[in-house]
Amino acid sequence: MAVPPGGGPGPGPGSGTGSARKFPTGANYAEALQHPELCFRDPDLKFGAVQQSPVLGPKAISGNFASVFSVTARSGQRYALKCFTRDSATLGRRYSAISSALGGLGGTGKALSQPWPVGFDFLEQGVLVGREWYPAVKMTWIQGTGLIPWIERNLGDPSALHTLADNFLAMTADLERNGIAHGDLQHGNLLVAAGGTFRLVDYDGMYVPALRGEQATENGHRNYQSPSRTAADFGPAMDRFSAWTIELALLAVATDPGLWTQLHDRHGEFLILSEPDFKDPATSLAWPVLLTHPDRGVRELAGRVKGFLGEPASGLPPLTVDGVRIPGQRTGGGTGGSGRAGGPGAGLGGGRPTVTSWTPAGSGAASGTGPGPGPGATPSGVPAWMAGRLGTQAPAPKPVRQPAAGTGTRAGFGKRGTGDLVAAVGALLSNSTPGALVLAAAQPVDVFPAAQGVALLTSAALIGLGRRRRPEHRAARKRVRELKRRARELADPASTYERLEKEIRVLDDALAKDNTASDQRIQALQLELRDGQARITMELNRRTDQAKQQLAGLAAKERRRLEKALEPAVRAHVQEKLRRTSIEEARSLSNMGSKMVQALQSAGIRTAADFIGVDLSHNPSVVFLVRPGGQRVRVPGIGEARANVLDVWRQSLEHRARLSAPTTVPAAAQAQIKADIVVLRRTHKAEIKQAEGEAQQKKTALQRRITDERTRLTGQRQQRAMDTQRRRAELLQRQKQLAGAEVERGRVVSELGVARDEVWGELGVGSYVRFLLIGR
Amino acid sequence: MPYTAEISRTNPGCFIFLVDQSASMSDPMESGETTQPRAEVVANAINRLLTELSVKCAKEEGVRDYFHVAVIGYGHNQVGSAYQGVLAGRDLVPLSEVANNPARVESRTKKVPDGAGGLVETTVQFPVWMDPVANGGTPMTRALGYADTLVAHWVDTHPGGFPPIVLNLTDGESTDGDPTSAAIGLASHATADGPVLLFNLHVSGSGGAPITFPDSEEQLPDTYAKLLFQMSSVLPSHMRSYAASQGHRVGETTRGFVYNADIVSIVEFLDIGTRATELR
């Protein structure tokens, strides 16, 4: 991690002046790198092999300010070479400061949580393009996975995701502790290496204490920034917003991988939240999902991060373990034994990837101890937060006779209820009444035994019915059925195991299919919302464009109208001035004299107002003066030259008159114009406002429809997950009980005997009749 | 604020290049120390730009579809795709497909510095998607209409995205009528992020000084230049600042228009005109 001496602000070729020079483009570099022996000076690179793309030559990985190429030196060491596409005069100085700061990390007593810094050399003469050398940064190639693909690969492993979240938090703590900020924390700059530890790349925008007072050269990825971040936030706190949102994403997804499939867009340049969620949280679909999530930890952390949206970017608190833990929550690792005890941050879920608040009452699955089924047993179709819980089995039932429901301590019937009274009374009546009827009606004798038989049957049926309706009886029967089933299963444990396995698979597949369908539907809804909103905006723009143009033109319009309103007064003033100028005054003009003036007067032109111009268009020798009414008059003696002199005289008079003309519109007219403009302005504004109001209404309605649909889908999904989970737990339990089948079968058979005895003994007909009579 | 939409794979941008392939495009043009037919200069510039876009959108896993790109030629009795090879006949093609399917990759010789003060001749690989064509008239109105169809469909399916950018490179007057209303029609399509951008470049006939990115028509020599100016969109602010950073004098009313372009200004025009919002 050394910067060569030339890495300072020294005058590299072409960079001496400090003025921006045009840097090569990515394609320029790609072309130059076709000949490493010519374009490099560094020996590792000069004799190295540049990785090629399938078609276009040297393979680039491009960002906003640079393209990165992979070069493998002869030694086998692979490097990432960062070639800059935009000039920055301060590049060398910055990299030098960053290099010293990172080089001093991890010294005694303050070891780094993980080896996240990546070694680099700043090469002032990195690449020769055309005739010039350009700087480049040579880095050790990092074997790692981009954050997004890593998350996607580990969605089913909540424990790994939790570890990752812990490591991320620990890395930001390293940065904070050393007063360093990366400047562009985002998925593209976070590589995950073995063991789920981070490597942080791209230090172009990094702040280290030696750079205090500088401005940021970039503001980081738009999907990771506080809406309030500016270049002036360049400093040790500039990563905080991104850090919190990334930690939120990691913990949320670790807690409920379904959040990833719902909120991450397959091609999206973000994790689960993006710029629109920050800039316009009110129309975001993501926030409601997070803020109403069944897991308290997710809810609260999401609430905290959302609260940061209105705050100045550099005023946020640093990301800490305490910040992401729910108050009063158990610290993690203690009870779970899940293999991640002692992580720096317990995070959500108290260290175990479970969602306790989702536990259906009495399922008995939440109190487990094991780390979950082995990796092979985690089916891809089941959310990992559930997989973690499903392995936690309820203790196997002890082979003792379980009391029938409702009795408390002993088998037999409990308290008599309405149904029992009906049975008792019914049985009595059906036996006595027919006898009474027969006596009264003196029926033929042979009818009697038949009627008596029916009555007996009826009362037996009523008693039987009454007994069957007793909860004790029903529970006992159910128990017998259950035991029979288990005895059957235990008779052939292998095939039963397989059958259960298959049932679980079917269940998982069904859930996975359902989830995929609902993911697609949710993504479609997001698109529908985005496009729907865009269409409403387009429609709004179309509707308001004209009004906006009119509005913008109102000032000019007012000016035009004022000028127009002034015109009559100006004209009258000019007319008046011309009228007051007797044609006599033209006598002194060159080549005029009193004879001409007389001729003009006799042609009716007595003042300067009596003609408005000359007309030479007919014939050069025939010259007309034009009267105000448009008639043309010929004045003897006035040829072309004199006519022109007269015309110039008149124009100069008019010009002078205009200078003294009134310049302000009469107050009344002015007020009228202003009032008209005000009305127009109001009208256009109202049009715009109405259109905007309507657009807003449409947007709100769209938003509501989509949100409702989304809430419904989410609810459905949770319900389905819970149902499946319950069914699955049941099946797993049965599978587990197949272990030690021989012994278990004996136990079950004997228990079955006991249960049967109970059905026919303590809960038998005799007992029931006695119970009907004496209540015991 | 218009022209700020994120460009991503879910929100891709759209470039449509309209390339004049009329007979006059075979006239020579200065190109470094030699001269080349205009059609060749323009084809080279477009091919280079396609490489440029591909590299700019290249990531670890390959080229990402941040853009869909059409190259439409217009000349002798014909307006249609100018792609050759696998892509022949296709209009808007996702960038990854463009990147993976040049018609061929040529080996071109080039003199480069040997690092020791001298020059050495090497070959460089040059991908080619379109070849120069020069034939017949200049049906610019039809070409704009063709772009109109592509654009109409695009904005309908990408209502929230960055508006399509249409770059028209021509060397002569339209031979199928006044293109003004077709241009107005084309630029009246809009997404929520703003109207379609139409930029025009007029390739030099004379070799006079190019007029790049003018902000009024006063400095333009003739009515034809003024017509093209009026047909061109005002540069959005991020392109303006990029143009300024490249040494151009720009203002609020600067338009995406180059008149009498030489080889350098063709490259600049394509570079500035295809600066959509920042890519990540």
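A residue counts as buried here if 20 or more other C-beta atoms lie within 10 Å of its own. By that yardstick, 16 of the 16 residues of helix 7 of chain A are buried, so this helix is largely enclosed by the rest of the structure. Keep in mind that we're looking at a predicted model.

**Helix 7 and the cores**

Let's stay with helix 7 of chain A for a moment. With 16 residues at 1.5 Å each, helix 7 should span 22 Å, and its end C-alpha atoms do sit 22 Å apart, so expectation and model agree. In general, nonpolar side chains tend to be buried together in soluble globular proteins. In this model, the largest nonpolar core takes in 189 residues, and the ones with the most contacts inside it are L18(B), V69(B), V71(B), I72(B) and V166(B). Helix 7 of chain A, covering residues 240–255, supplies the largest share of that core, eleven residues. There's also a second, separate core of 16 residues, with M592(A), V597(A), V635(A) and L646(A) among them.

What does V71(B) touch once its neighbours within four places in sequence are left aside? Its contacts are F17(B), V19(B), I46(B), S81(B), A82(B), Y83(B), W129(B) and M130(B).

**Chain A overall**

Chain A has 23 helices and twelve strands, and 36% of its 776 residues count as buried. If you take contacts in chain A between residues at least 6 apart in sequence, 71% of them join residues at least 24 apart.

As for confidence, the mean pLDDT of chain A is 80, with 81% of its residues at 70 or more. Residues 1–19 of chain A fall below 50, and that stretch has 34 contacts in the model beyond near neighbours in sequence. Residues 328–409 of chain A are below 50 as well, with 163 contacts beyond near neighbours in sequence.

**Where the chains meet**

Between the chains, 39 residues of chain A are in contact with 37 residues of chain B. On the chain A side, the elements giving two or more residues are helix 1 (26–32), strand 2 (60–62) and helix 17 (493–552). Helix 17 of chain A provides the largest share, eight residues. Sorted by class, the chain A side that touches chain B has twelve nonpolar, 17 polar and ten charged residues.

**Strand pairing**

Strand 16 of chain B, residues 257–261, has five of its five residues buried, so it's largely enclosed by the rest of the structure. Strand 14 of chain B (197–203) runs parallel to strand 16, joined to it by three bridges, and V203(B) stands opposite A261(B) there. Strand 15 of chain B is antiparallel to strand 16 and joined to it by two bridges; in that pairing, I211(B) has Y259(B) as its bridge partner.

Over in chain A, three strands make an open, antiparallel sheet in the order 7-8-9. The edges are strand 7 (145–146) and strand 9 (197–200), each pairing on one side only. Strand 7 of chain A meets strand 8 (190–193) through two antiparallel bridges, with G146(A) opposite L191(A).

Here are the pairings with a bridge count and a residue pair for each:

| Strands | Bridges | Sense | Residue pair |
|---|---|---|---|
| Strands 14 and 16 of chain B | three bridges | parallel | V203(B) and A261(B) |
| Strands 15 and 16 of chain B | two bridges | antiparallel | I211(B) and Y259(B) |
| Strands 7 and 8 of chain A | two bridges | antiparallel | G146(A) and L191(A) |

**A few residues worth a look**

Two chain B residues have a positive phi without being glycine: Y3(B), at about 55°, and F213(B), at about 45°. Y3(B) sits in the segment before strand 1 (13–21) of chain B, while F213(B) lies in the loop between strand 15 (211–212) and helix 5 (223–231) of chain B. Are these two buried or partly exposed? Y3(B) has 19 other C-beta atoms within 10 Å, so it's partly exposed. F213(B) has 27 C-beta neighbours inside 10 Å, so it counts as buried.

Finally, V570(A) belongs to helix 18 (554–579) of chain A. V570(A) is partly exposed because it has 15 other C-beta atoms within 10 Å. Leaving aside neighbours within four places in sequence, V570(A) is in contact with R658(A), A661(A) and P662(A). V570(A) and Q550(A), meanwhile, are 20 residues apart in sequence and 29 Å apart in space, C-alpha to C-alpha.

Definitions and conventions
Residues are numbered from 1 along each chain as its sequence is written. Chains are lettered from A and ligands numbered from 1 in the order in which they are written. A nonpolar core is a set of buried Ala, Val, Leu, Ile, Met, Phe, Trp, Tyr and Cys residues joined through C-beta atoms within 7 Å. A residue is buried if 20 or more other C-beta atoms lie within 10 Å of its own, exposed if 12 or fewer, and partly exposed in between; C-beta atoms are placed from the backbone. Helices (H or I, at least four residues) and strands (E, at least two) are DSSP runs, numbered from the N terminus. Two residues are in contact if their C-beta atoms, placed from the backbone, lie within 7 Å. Ala, Val, Leu, Ile, Met, Phe, Trp, Tyr, Cys and Pro count as nonpolar, Asp, Glu, Lys and Arg as charged, and the others, Gly among them, as polar. The expected span of a helix is 1.5 Å times one less than its number of residues. Two strands pair if DSSP finds at least two bridges between them. pLDDT is the predictor's confidence in each residue, from 0 to 100.
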